[in-house]
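Open the model in your viewer and keep a selection box ready. The stops below say what to select and what is found there.

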Amino acid sequence: MLLQHRMDFWWFPHMWSHMQPHLFHNVSVLAEQMRLNKIFAQEHGIPTDMGYAVAPHHSGVYPVHSQLYEAWKSVWGIKVTSTEEYPHLRPARYRRGFIHNGIQVLPRQTCGLFTHTIFYNEYPGGSKELDKSIRGGNSPHVNFKLTCKIHCALSIQISIFMTHLSNYGNDRLGLYTFESLVKTLPPVKLAEKYFQIFPEERDPLWQNPCHDKRHKDIWSKEKTCDRLPKFLVIGPQKTGTTALHSFLSLHPAITSSFPSPTTFEEIQFFSGANYDNGIDWYMDFFPFPSNVSTDFMFEKSANYFDTEVASKRAAALLPRAKILAVLINPADRAYSWYQHQRAHQDPAAINNTFHLVVTAGPSAPKDLLALQRRCLNPGAYATHLERWLQHYQPSQLHIVDGALLRTNPALVMEGIQRFLGVTPIFNYTQALMYDDSKGFWCQRVEGGRAKCLGKSKGRKYPEMSPESRAFLAEYYREHNMELLRLLNRLGQPLPSWLRQELQSTSWS
């Protein structure tokens, strides 16, 4: 067992005034407080290069206050910290570590070790009796509240333990007892060892700070969970999610996230590297709601649908969110993705026909197989929906018929409004009009003109070859049957395209 104690040596790098970091919304002000603290430490000969710090009352470590991490790195070069709040205070055996912004966070355990002040050579029965008590005996003379002694020794291989300065300074017998019980490593070495043993804990799982009173108490008053979305459009890609996003944004009570400078209207938080930025970064994409009871904020990221980690991450932060998934014929979706990649100059799409892409064998070039996966895998709809249903209730999921969205969007949007419970009901029949040149529905603006999506939307390309369609009909036959069984189990209506596909394949 490897543990670290005597943390008061490295305790000073938080706040010399013991102010809680989450009360500082301005990182510059917080950093200035730390600089004063560092000067104090240097003047009094206190080590400043240990790479470890804790925050008063765990403030800012978890839930993460990004300003604390930035100030710690810029002023102190902190590499390691600890908290007992991740993922929650209790039960203590479930505490875990994580890494954020290059700072390793270790799980802290509270053993409550304290003693009455007593000298080693005055211990009743002598030193042998004391050592005997440490190895499992009982001592009526020393008040040890070592509540997790056995638990820590048996089930926690590495942890941060702390003692208050008064205990460390005045109670050397308690320190002797602790040193006899555990082996120690410096904090940075300890963190390296911890994440070697538990590499799966490197990536955090962000939870909603407002669902835990302790977390809410140490979260910045400048932040509000009302700035988190009430529903997600999860994709998949090339099914009409951009059109749905634009239609939803017309509703006076529905507010979309701000566009990303790199991925347009998509934040892509739960599906990739953006998740490492933390929930402060995520919430900055949403406005402060004008009316919490009626504002329905949402975001659309089409790659959430088939990204394995997205559903678990989304449910941890947004367990009450509603989920919209748009489904079209998976063969059409695959072909649309291929054409999308051709338009974006993907060499694998430019240099190979669609039929060669979808029928390629395992020995094909890597770039061709990568394109094939992105064409085919998202269309296994039932598999991906089942993953989302591991984390969300069926009542939170709504399947949007992508074919009907294209031909009769007003009807589809009426059903979505009922599912979301949004009021007032918006009249999409008046708000939308069909544009013959584009071949789909657009926003009706003044003068009876149509305001459509960008030039890339509604792009015309050749029909899929009968050979490819036949291949994909067979490829997706069982996947579509699984979708049929899933939707029947959920009591959700079958999309029009699914009924047609099942009828056509049953006769083939």
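Select helices α9 and α18 in this predicted model; the two cross with right-handed geometry. Helix α18 covers residues 409-420, and its axis comes within 11 Å of that of α9, crossing at roughly 70°. An angle from 65 to 115 degrees counts as roughly perpendicular, and the pair is therefore described as roughly perpendicular. Now show side chains where the helices meet. On the α9 side, pick Leu244, Phe247 and Leu248; they meet Pro409, Met413 and Ile416 of α18.

Keep α9 (residues 241-249) selected and add the sheet it packs on. The helix touches β7 (231-235), β8, β9 (296-300) and β10. Draw its direction beside that of β9 and the angle is about 160°.

Next, hide the helices and look at the sheet alone. In which order do its five strands lie? Reading across, the order is β8-β9-β7-β10-β11, in an open sheet with parallel pairing. Select β8 (254-256) and β11 (397-401) to see the edges: each has a single partner strand, so one side of each is left without a neighbour in the sheet. From one strand to the next, the twist averages 25°.

Zoom in on the β11 edge. Strand β10, residues 322-327, runs parallel to β11 and is joined to it by five bridges. For one bridge pair, select valine 326 and its partner in β11, valine 400.

Move on to the sulfur atoms. How many disulfides does the structure hold? There are two.

For one of them, select cysteine 210 and cysteine 225, whose sulfurs are 2.0 Å apart. The angle about the S-S bond is 95°, and the link is right-handed. Cysteine 210 sits in the loop between α7 (187-197) and α8 (213-217), while cysteine 225 sits in the loop between α8 and β7, so the bond ties together parts that are 15 residues apart in sequence. Colour the pair by accessibility: cysteine 210 is partly exposed at 26% relative accessible area, whereas cysteine 225 is buried at 15%. The two fall into separate classes because buried means under 20%.

For the other, select cysteine 442 and cysteine 452, again with 2.0 Å from S to S. Its torsion about the S-S bond is about 95°, so this disulfide is right-handed. Cysteine 442 belongs to strand β13 (residues 440-445), and cysteine 452 to the loop between β14 (449-451) and α20 (466-475), so the linked parts are ten residues apart in sequence. Are these cysteines buried or partly exposed? Cysteine 442 counts as buried, at 2% relative accessibility, and cysteine 452 is partly exposed at 25%.

While cysteines are on display, select cysteine 375 as well. Its relative accessible area is 0%, so cysteine 375 is buried.

For the last stop, go to helix α12 (residues 330-343) and pick glutamine 339. This glutamine is buried, with a relative accessible area of 11%. Which residues does glutamine 339 contact, leaving aside its neighbours within four places in sequence? Add Tyr461 and Pro462 to the selection; glutamine 339 is in contact with both.

Key
Residues are numbered from 1 along each chain as its sequence is written. This is a predicted model: local features need pLDDT of at least 70, side-chain atom pairs count only at pLDDT 80 or more; totals for chains, interfaces and linings use all residues. Side-chain values use heavy atoms; hydrogens and water are left out. Two strands pair if DSSP finds at least two bridges between them. Helices (H or I, at least four residues) and strands (E, at least two) are DSSP runs, numbered from the N terminus. Axes are lines fitted to C-alpha atoms, for helices over the stretch in contact, and angles run from 0 to 180 degrees between N-to-C directions. Contact means heavy atoms within 4.5 Å. A disulfide is a pair of cysteine sulfur atoms within 2.5 Å. Buried means under 20% relative accessible area, exposed over 50%, partly exposed in between (1.4 Å probe, protein chains only). Angles under 35 degrees count as roughly parallel, over 145 as roughly antiparallel, 65 to 115 as roughly perpendicular and the rest as oblique. A crossing is left-handed if the near helix is turned anticlockwise from the far one by less than a right angle, and right-handed if clockwise.
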